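Trainee: I should like a close look at a single part of this protein, namely one place where two helices pack. Please set it in the context of the whole chain.

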Amino acid sequence: MKQVEDIAALEFHHRQGGQFRWITITTLMLAIGTILHLVSPSVGGITPNWTIATYCVAICLTKPSYRQAVGIGLVAALVNVLTSKSGFPYGNLISEPMGALTCTFIVKNLSFIKIKGHSCLPVLTGFAATCMSGGIFVTILKIVMGLPNSVYFAGMLPLVVVIGLLNAVVTPVMYFPALRLFVARGILDSLEEQEVASDHSMYDLKPSQEGLISIEHLTYIYNKRKQPVLDDVSMVLHKGDFLVVTGESGSGKSSLCMAMTGAIPHYFGGVMKGMVYVDGKATTQTTISDLAGRVGAMLDDYDSQLVAMTVEEEIAFSLENKGVAPEKIEAAITEALEKVSMTPYRHRPLSNLSGGQRQRLVIAGVLATNPDILVFDEPTSALDPEGTHAFYELIHELNVKYGHTIVVIEHSLEAALPYANRLVLLDEGKIVCDADVETTLRYMYDHDIYKSAIPQVFACQLDLEKAGCTFPVPWVSTEAAVDSLRQMKI
Ligand SMILES: Nc1ncnc2c1ncn2[C@@H]1O[C@H](COP(=O)(O)OP(=O)(O)OP(=O)(O)O)[C@@H](O)[C@H]1O
C-alpha cells in the first residue's frame, strides 16, 4: 500500500458516461476491422487478422472488465462467422472471446512494460491475442474437419504465429492514431491523465479526523470546466448532527452534497483532489452502491426518484435495487412507512398522493435501507409553508428519535434553522464559516455574504443590537425570540 504524503494533491479523474465508453469505442473499431477484413488484399494467403487487431485496440483504449471482454469477443466472433469463407467458422465463438480475454489479461497485468516510456500493450496484445484466438480456431477446425497432423503442425500453427507477428505491427499502427482521435474528441483521457486516473486501490487512505463523513481538502472541477466548484473544502460531519448548508446560487452546495453521496467522483465527470471519507473509507475506494447503504440522498427533483405504481411497490423497488433479501423486504417497508407516518397509504397508487406525501414516500424509500446519514438537496423548494414545516418536523424526528444524521442544503433558512445544530456557509466553492447557527448567521451579516437568506427575525435582532439592545437567547426562530423577550420580562 502506498502512503499519501499530501492528501490535498491526490487526484482522481473520472469522465462522465465512462461506463458506456467501451461499447462506443469497440463498436467503432470493430466496424473499421470488418471493412478492412472485407477489402484488404492477402499476400500469399497471408493477411493481418483485422478483427482481432481492432478489438485489441479497443481493449487497450478502454480497459474493460473480463465480462465485458467476453462480450467484445462474442461480437467479433459473430462478425467473423458472418464474413468467413472457412469451412467451419463457428470455432470463432470460442476463439474470439478467448482472444479478447487474453488481451484484457495483458492490459490489466502487463501495463508496466514500456520501452522509452511508450506503452508496449498494443504490440503484446496484438501478438498474444492473435496467437491465442488463432491457435484455438485452427485446433477446432482440425478436429471438426479431421485434418491431418502434418497440415496442423507444419501449416496451420506456423501461419497463426506469422499472422500474430503481423498483428503485432498493425495493432500499434491503429492504436496510436485512434488514441489521439478519441483524446482530441474528449472521449478518452490522455495517457498522462490515465496515469493518475481513477484507480486508488493502491493507496493507504485514512481520514485524519474521526467522523461519519470527513471531507479533507476537497477540490472539484467538472469536466470541461477550468474553475473548481469546490475549492479546498474541509469539514467533518459527526454522528447526530443536523447540518444545514447554505450559500448563494452556484456556490457549490449541491456539488458538496454529491461528494458526500459518492456521485462525485463516481458519476459526474471531472477531477477531484483531496478526499471524502464515509465511515472512515475513502469514497474513491468505495462504489456508489456501497455508499448508498450508508448515505441516503433525496435530490431536489425528488419526483424523478419515484418509479413504481403504488407506495408499497415503490419502497420494495428501492430495496430490491439495493440487493436486500426478499424475506426482509416486508418488514423494512413497514418500518420505513411508520417512520414517515405513511402507514395508511401503503396500498395507494402514487398518482393519488399529494406533493408532500410523494416527498415522504421518497424519504421512506431512502430510509428503507437504514442509512445512518440522510442528505437532502433543497427539499422544500416545491412545498408551501405548511408542507415545509411538516417536512422539518419529520426530519427533526428522524434526527432525534431514530438517530439519523442529517445534512440539508437549503436556501430558505427560516424553517430549517430551529432544528439545526450547525450552519455551514459556502461562498464561491469555499467553506467560509462552519459553526453553530448563531455564529454563522452573524458571519453572513458581518461579511455581507448571502445576507438576503438571514431569517427576518434574526436580522431584526441584529438591528436591535445595533441600537444597543442585548438579548439572552439568539433569535434563530420566532419561538427563540419570544423566549428571549420573556426572559427579559418584556
Ligand atoms: N454536472 C455539471 N457539470 C458542469 N458544471 C456543473 C455541473 N453541476 C453544477 N455545475 C456548476 O458548478 C457550480 C456549482 O453548482 P452547484 O449546483 O453545486 O451550486 P449550488 O450552490 O447548489 O447552486 P443552486 O443553489 O443554484 O442549486 C455552478 O457554476 C454550476 O453551473
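Mentor: The account below begins with one helix pair and then turns to the domains. The model is predicted, so local features need pLDDT of at least 70 and side-chain atom pairs count only at pLDDT 80 or more, while totals for chains, interfaces and linings use all residues. Residues are numbered from 1 along each chain as its sequence is written.

Helices here are DSSP runs of H or I with at least four residues, strands are runs of E with at least two, and both are numbered from the N terminus. Helix α2 (residues 50-62) packs against helix α4 (residues 92-109) at an angle of about 35°, and their axes lie 10 Å apart. Axes are lines fitted to C-alpha atoms, for helices over the stretch in contact, and angles run from 0 to 180 degrees between N-to-C directions. The crossing of α2 and α4 is right-handed, that is, the near helix is turned clockwise from the far one by less than a right angle.

From α2, Ile52, Tyr55, Cys56, Ile59 and Cys60 meet Gly99, Ala100, Cys103, Thr104 and Val107 of α4; contact requires C-beta atoms, placed from the backbone, within 7 Å. By class, this contact holds eight nonpolar, two polar and no charged residues, where Ala, Val, Leu, Ile, Met, Phe, Trp, Tyr, Cys and Pro count as nonpolar, Asp, Glu, Lys and Arg as charged, and the others, Gly among them, as polar.

As for the chain, an automatic or database assignment divides the protein into domain 1 (16-193), domain 2 (213-419) and domain 3 (455-490). The C-alpha centres of domain 2 and domain 3 are 33 Å apart, and their contact takes four residues from each of these two domains.
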